[in-house]
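Visitor: I should like a close look at a single part of this model, followed outward into its surroundings. Please take one element and explain how the rest of the chain is arranged about that element.

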Amino acid sequence: MSFATPPGWYPDAGTPGTDRWWDGTAWTAHTRPSAAHSAPYEPVHQPYAPQTFGPPVTPPPPPRGGSRTRVLAITLSSLLVLGAAVTAAILLGPDDSGTRAAPGPTASDPAPTAPATSATPSPEDSPDGDPGLLVDQLNGITLAVPDGWEKAKNTSDDAPTIRTAVSYDCPGTSASFCYRGTVSTRTARAGQTDPKAIAEADITAAADRAYEEDVLGRRTHGGITSHTVLKAEPVAVAGRTGYLVRWRVVTAKGPGGVVQSVAFPSTVGSETPVIVRLAFDADRPELPVSLMDTITRSIRPIGDSATSGGVGASIGP
């Protein structure tokens, strides 16, 4: 005994006033106006309805959206099947020569590799890849990294920077850490052209940044209490005439330090002046003041490892 709903016309809940044909197992695309609205109508190809017994079970409601949704779904399904058949015929059928297309690679096949070429540069081939050089691409210069120092990956002002590798708790606050020595490069402000005026103005900013307070306003060394000018003179930098100012600063806490600002014209573009700041903790045997001169002499235009001539070459370091 079966309780399946027999084939027949039933009201289409998705389209009021319309009946849809139930074939005994599923709704079809055939519809008609409901008997209350028009004369009876039979589908062109009415499926055979086997005899059943027992009370009929109401079929599930037809899909929402009416006959158009059903027809569209059937049409799309047919197109997908046809597309798959055509694709299979193209991939598996014989080509013009009567031979079957070669199969694609399998998981067991070795992955293809690009031919090796010596023309592809590695990071070490560029100045940036040399751990012994700090490169300032914007200002077109490099300078030597002393032994035991490192290139900083991140800084608060995004200036290219090298520093001693080991940090320590700043003597003025335990909430920050300091480095025994730092060197950074930057571009002078727009409108500044005189290296002497630039260096004399920048030395205060260099001292404050190193020993007065950090970018968060913390007095890392208890603040600067006094300073002494150790040197202020012209200097040859990368074959250009520049100017150097060096201070010894005394701080409320810690040993204080030596700071230096060097300004000189860039060798690239409009020759906008470049500033190199140096700051060494005082009384450190591994950080003699002479190391500042060594670093200054190491400054070169990018791509020039032996600049010794040019304007200012006769000026001492």
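**Helix 2 and its surroundings**

Guide: Helix 2 carries a kink of about 30°, and the kink is centred on Asp 202. The model is a predicted one, and the values below are computed from it. Helix 2 comprises residues 195-212, 18 residues in total, and spans 24 Å between its first and last C-alpha atoms, close to the 26 Å expected at 1.5 Å a residue. Helix 2 belongs to a chain with three helices and 15 strands. Of the 317 residues in that chain, 34% are buried.

The residue at the centre of the kink, Asp 202, is itself buried. The other buried residues of helix 2 are Pro 195, Ile 198, Ala 199, Ile 203, Ala 206, Ala 207, Tyr 211 and Glu 212. A general point helps in reading such a list: an α-helix has 3.6 residues a turn, so residues three or four places apart point the same way. The cover over the buried residues of helix 2 includes strand 11, strand 12 (240-251), strand 13 and strand 14.

One of the buried residues of helix 2, Ile 203, leads to a nonpolar core. Ile 203 belongs to a core of 14 residues that also includes Tyr 243, Val 259 and Ala 279. This core is separate from the largest one, which has 23 residues. Within the largest core, the residues with the most contacts are Leu 143, Trp 149, Val 183, Phe 264, Val 276 and Ile 299. Two or more residues of the largest core come from each of strand 5 (141-144), strand 11 (224-237), strand 13 (257-265), strand 14 (273-281) and helix 3 (290-297). The greatest contribution is that of strand 14, with four residues.

Strand 14, which is also part of the cover over helix 2, merits a closer view through Val 276. Val 276 lies in strand 14 and is buried, with a relative accessible area of 1%. Beyond four places in sequence, the residues touched by Val 276 are Ile 141, Leu 143, Val 183, Ser 184, Thr 185, Gln 260, Ser 261, Val 262, Phe 264 and Ile 299. Val 276 and Arg 186 are 90 residues apart in sequence, yet their C-alpha atoms are 6.6 Å apart. Across the chain, 54% of the contacts with a separation of 6 or more join residues 24 or more positions apart. Val 183, one of the partners of Val 276, touches in its turn Leu 143, Trp 149, Pro 160, Thr 161, Ile 162, Val 276, Arg 277, Leu 278 and Ile 295, again leaving out residues up to four places away in sequence.

Helix 3 can be followed through Met 292, which is placed in that helix. Met 292 is buried, with a relative accessible area of 0%. Outside its neighbours within four places in sequence, Met 292 is in contact with Arg 246, Val 258, Val 259, Gln 260, Leu 278, Ala 279 and Phe 280. Two of these partners, Val 259 and Ala 279, are members of the second core, as is Ile 203. Between Met 292 and Gln 260, which are 32 residues apart in sequence, the C-alpha distance is 8.1 Å.

Helix 2 also takes part in the largest pocket, where helix 2, strand 7 (161-164), strand 9 (177-179), strand 10 (181-187) and strand 14 each supply at least two lining residues. The space in this pocket amounts to about 720 Å³. Its lining consists of 29 residues, and those nearest the centre are Ser 156, Phe 177, Tyr 179, Thr 182 and Arg 209. Phe 177 and Tyr 179 are also among the contacts of Tyr 168, as are Cys 178 and Asp 281. Tyr 168 lies in strand 8 (residues 167-169) and counts as buried at 16% relative accessibility. The C-alpha atoms of Tyr 168 and Cys 178 are separated by 5.4 Å, with the two residues ten apart along the chain.

Two loops beside the covering strands complete the view. Most residues other than glycine have a negative phi. Ala 238, in the loop between strand 11 and strand 12, has a positive phi of about 55° although it is not a glycine. Asp 283, in the loop between strand 14 and helix 3, likewise has a positive phi, of about 60°. Ala 238 is buried, with a relative accessible area of 9%, whereas Asp 283 counts as exposed at 64%.

Key
Residues are numbered from 1 along each chain as its sequence is written. This is a predicted model: local features need pLDDT of at least 70, side-chain atom pairs count only at pLDDT 80 or more; totals for chains, interfaces and linings use all residues. Side-chain values use heavy atoms; hydrogens and water are left out. A nonpolar core is a set of buried Ala, Val, Leu, Ile, Met, Phe, Trp, Tyr and Cys residues joined through side-chain atoms within 4.5 Å. Buried means under 20% relative accessible area, exposed over 50%, partly exposed in between (1.4 Å probe, protein chains only). Contact means heavy atoms within 4.5 Å. The expected span of a helix is 1.5 Å times one less than its number of residues. The bend at a residue is the angle between axes fitted to the seven residues ending there and the seven starting there. On a 1 Å grid over the protein atoms alone, a cavity is a set of points where a 1.4 Å probe fits but cannot get out, and a pocket is an open set with protein on both sides within 12 Å along at least five of seven lines; lining residues have an atom within 4 Å of a point. Grid points are joined across faces, edges and corners, and a volume is the space filled by probe spheres set on the points.
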